[in-house]
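Work through the exercises below with the sequence and the structure in view. Try each task before reading its solution.

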Amino acid sequence: MTRLHAASAGGFLTSRYYPGVLYAETIATGDLNRDGHEDLVILSGHDVNFSIALSNADGSFQTPIRMSSDLQGGGLAVGDFNGDGLLDVIGDNYAKRQLLLYPGRGDGTFGSAVATSLTGSPGMLVVGDVNGDHRLDAAVIDPGGLLGVLLGNGDGSFRPQATYTLGKTLYGITAGDFNNDGRTDILVSSEFNSTYLLIFNTDGSLGSSTLAAAYDSTSGLAAGDFNGDGNLDFVSSPDFSSSEVVLGNGDGTFQPGLPVELYGSPVAVGDLNGDGKADLVNEYDLGFSTMLGNGDGTFQPYQLFGDEAEWAKLAVGDLNGDGKLDVFGAGWSGTIVVGIGPGDGSVIAHRDFTAAGTFKGIAAADFNGDGKIDLAGLVDPYNLYKGEVLFGNGDGTFVASGLEFDTGRFPSQLAAADLNHDGKVDLVCSVDGGITVEFGNGDGTFRHPQHYGKQSTYVYDFTIGDFNEDGNLDVANADFASGTVGVFLGNGDGSFQAPVIYKAGVSDEHITSGDFNGDGILDLATANTGSNSFGVLFGKGDGTFAAEVETPTGSQSYPGVLTAGDLNHDGRTDLVVTTWCSTSTGCYQDSVFLANGDGTFSHKADYKIGVEGPQAMAIQDVNADGNADVVTAIGPADSSQNITILYGNGNGTFQPAVGYTGSGYSVSLADFNGDGAIDIATGGNRLSVQLNTAGTVFQFSATPNPANQGQAVTFRVGLTASVIDQPVPTGIVTLKDGAKTLATLMLKNGRAQVVSSKLAAGTHVITASYSGDGNFFTKTALPVKLVINP
């Protein structure tokens with residue numbers, strides 16, 4: 001099984017990706033091995049063999065297995081065509097003009113194909129009972145304007161194709177009973193802005209063809225009852241035009257279309273929030289959107305969930321057997337993507353949040369003083385020169401504040417800090433020629449930026465620290481064009497002195513700071529892409545630095561991003577640098593360099609992280625095991641793995657990289673939902689937030705309080721997962737009165753309680769500590785001050 005979760009507590013709330021099917025073209029679902037769980041059938045656009053991904057019963061799937069077949073086209077469906085109670089797979093081969101049925105054996109494997117000749121070259125396929133004989137039939141369309149209907153015999157074979165010339169180029173097809181006669185009708189989209197409803201006679205012949213709607217041609221057709229009148233409606237989602245919901249009258253006629261905010265094919269229909277009303281799922285840019293139905297043919301505004309950059313097919317179904325619909329699909333890049341639905345209309349995936357444009361160079365802090373972590377990011381920095389603030393709701397979600405701030409020309413990176421000691425969070429931004437400072441007003445707004453420096457137009461990265469030990473924050477930046485470092489000493493009021501320039505290596509795009517020689521003074525380190533090295537400028541404690549000392553990273557390694565932290569618990573600050581694997585393998589890696597304590601470093605190991613260029617890195621203990629982990633944001637083009645985490649072993653080595661989907665340009669680590677677990681925010685073409693699934697909500701109470709001496713006091717504890725669709729916490733909770741253990745409680749269904757009447761008179765500070773388990777971190781609840789009266 002391939003899963004993008006850590007093996008222990010510390011996985012992240014993200015969609016699950018299953019590689020192995022190149023250019024997945026379409027996807028179907030059904031219980032192929034009779035275990036009661038939905039499995040997946042995937043058809044590739046570059047392979048005649050379809051693939052099967054069997055369910056693990058929890059919403060995850062085994063690695064897809066290729067089945068020997070001869071399918072070549074976009075048609076794929078699952079159904080029992082031979083009446084044996086087992087699901088079969090049906091598809092087509094447009095080159096050979098055949099309809100191919102693969103009989104299911106009930107164990108996830110299939111028998112040899114049963115072929116039926118076709119007229120024309122099939123492009124799409126639907127199945128249903130068009131003649132009302134309770135046997136599955138098949139209908140195929142030739143994009144050139146032909147509709148072929150093959151009536152099923154009920155034994156896996158079909159009667160010869162009946163062909164109907166529609167005379168127009170055909171783009172999309174769906175099926176359903178639109179006139180309530182108990183037989184399957186077919187809806188086709190054609191050129192010249194026309195969609196036609198085809199109704200069949202009881203002998204399977206075509207009875208009528210009527211215009212259902214007039215709008216741009218589309219392959220995005222789906223049927224459902226959107227207004228709750230018992231009649232089948234349909235939705236059309238053209239790729240380059242307005243989308244419409246078309247309500248059916250129940251007799252094969254339709255009302256004028258209602259506009260709906262969809263963004264092209266594919267589109268799927270289902271009740272995502274269990275309210276009995278049909279909802280919509282639609283491809284949206286770098287993910288998919290959900291729109292909850294109001295039950296009258298209109299829909300609520302969309303919610304975005306980021307996943308696959310380009311979807312070939314979207315569908316809904318209950319994949320983990322919890323009675324709630326999930327979203328799954330096939331992506332062109334060769335992945336199957338599954339988003340587990342909690343039943344409230346959202347989807348358990350990383351969340352994407354709308355900003356005014358792209359959302360790069362992100363910084364996390366409480367900008368409006370409400371005690372919740374907010375996010376600030378650069379919006380389309382190469383054109384607008386602005387940033388935007390998203391206010392946190394405290395639960396890991398964010399809302400657009402409508403507040404923008406100016407940054408100066410060509411901003412690239414952003415950081416948050418209190419630069420003028422007023423208790424309000426300010427921003428520092430790297431811009432054309434230096435840095436700008438945006439002073440915070442404490443309400444999420446910022447004052448006009450102050451610019452410092454006269455450097456080149458290629459200042460990209462910077463780091464913040466107290467380099468002269470005066471209690472005021474300073475800034476050092478890297479000038480890629482000139483190969484220099486600029487140090488801006490802070491005056492304590494948010495203003496900075498003119499930069500002092502130091503020579504660095506060639507093309508020093510990224511910079512970080514730390515004590516690399518153990519003298520207690522902050523040093524600077526740069527990644528020198530052009531000289532295949534990183535360099536350290538040792539600090540003197542007065543804000544000045546010695547000449548840079550370079551350490552080679554290897555021939556043609558092209559070091560890019562770097563970050564610093566103690567990776568092996570020796571009290572020394574180590575470095576992780578992203579490098580190029582080699583010119584032959586074509587990949588990037590995180591290279592670990594352990595500090596020797598004297599300013600030199602030893603190359604420990606390299607860990608492959610992907611094929612796209614790393615953009616940002618951070619070090620923090622994200623799985624709460626006490627060891628430093630490395631989080632790397634990878635270039636936006638690598639849609640199936642934009643974030644990698646190297647989970648640390650505590651000795652300077654790491655487990656193999658674990659991948660998650662995100663944005664890939666910048667990264668910020670913080671606890672966005674207040675559960676004590678570190679979450680990840682990434683910025684790029686969108687803002688994405690990955691919530692750590694190992695956090696909990698810990699409730700602890702003592703009643704009555706106050707109590708009389710000798711009176712029974714009930715201590716209650718309750719733990720729930722802070723993220724939906726996670727298991728119930730198990731393990732032990734220990735209650736202590738100061739240093740004395742009062743009780744050790746075993747959780748049952750996440751809860752436990754104990755009664756005590758033996759507490760002495762006085763004030764007691766009672767603590768409750770959770771042991772954690774394989775899914776959740778250890779945690780201590782807020783202490784309870786219990787008063788026992790004499």
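**Exercise 1. Classify arginine 572 by its accessibility, then describe its salt bridge.**

Step 1. Arginine 572 has a relative accessible area of 37%, so it is partly exposed. The classes are cut as follows: buried means under 20% relative accessible area, exposed over 50%, and partly exposed in between (1.4 Å probe, protein chains only).

Step 2. The model is predicted, so local features need pLDDT of at least 70 and side-chain atom pairs count only at pLDDT 80 or more, while totals for chains, interfaces and linings use all residues. Residues are numbered from 1 along each chain as its sequence is written, and side-chain values use heavy atoms, with hydrogens and water left out.

Step 3. The side chain of arginine 572 meets that of aspartate 570 in a salt bridge, at 3.9 Å from N to O. A salt bridge here is a side-chain nitrogen of Lys or Arg within 4 Å of a carboxyl oxygen of Asp or Glu.

Step 4. Aspartate 570 is partly exposed as well, with a relative accessible area of 30%.

**Exercise 2. State how many salt bridges the whole structure has, and describe the one between aspartate 406 and lysine 386.**

Step 1. Searching the whole structure gives five salt bridges.

Step 2. In one of them, the side chains of aspartate 406 and lysine 386 meet at 2.8 Å, N to O. Aspartate 406 belongs to strand E34 (residues 398-406) and lysine 386 to strand E33 (residues 386-392), so the pair ties together parts that are 20 residues apart in sequence. Strands (E, at least two residues) and helices (H or I, at least four) are DSSP runs, numbered from the N terminus.

Step 3. Both ends are partly exposed: aspartate 406 has a relative accessible area of 31%, and lysine 386 has 29%.

**Exercise 3. Find the salt-bridge partner of arginine 409 and say whether that partner is buried or exposed.**

Step 1. The partner is aspartate 432, and the closest N and O atoms are 3.5 Å apart.

Step 2. This pair links distant parts of the chain, 23 residues apart: arginine 409 is in the loop between E34 and strand E35 (413-417), and aspartate 432 is in the loop between strand E36 (426-431) and strand E37 (434-438).

Step 3. Aspartate 432 is buried, at a relative accessible area of 17%, whereas arginine 409 is partly exposed, at 44%.

**Exercise 4. Locate the disulfide and give its handedness.**

Step 1. The structure holds one disulfide, a disulfide being a pair of cysteine sulfur atoms within 2.5 Å.

Step 2. Cysteine 581 is joined to cysteine 587, with 2.0 Å from S to S. The angle about the S-S bond is -115 degrees, and the link is left-handed.

Step 3. Cysteine 581 is buried at 19% relative accessible area, and cysteine 587 is buried at 7%.

**Exercise 5. Describe the surroundings of strand E12 (residues 137-142).**

Step 1. Six of the six residues of E12 are buried. Asp137, Ala139 and Ile141 point one way, and Ala138, Val140 and Asp142 the other.

Step 2. Strand E11 (residues 124-128) runs antiparallel to E12 and is joined to it by five bridges; two strands pair if DSSP finds at least two bridges between them. Glycine 128 has aspartate 137 as its bridge partner.

Step 3. E12 also pairs with strand E13 (residues 146-150), again antiparallel, over five bridges. There, alanine 138 stands opposite leucine 150.

Step 4. Three residues lie between the strands in the hairpin of E12 and E13, where glycine 145 takes a positive phi near 120 degrees.
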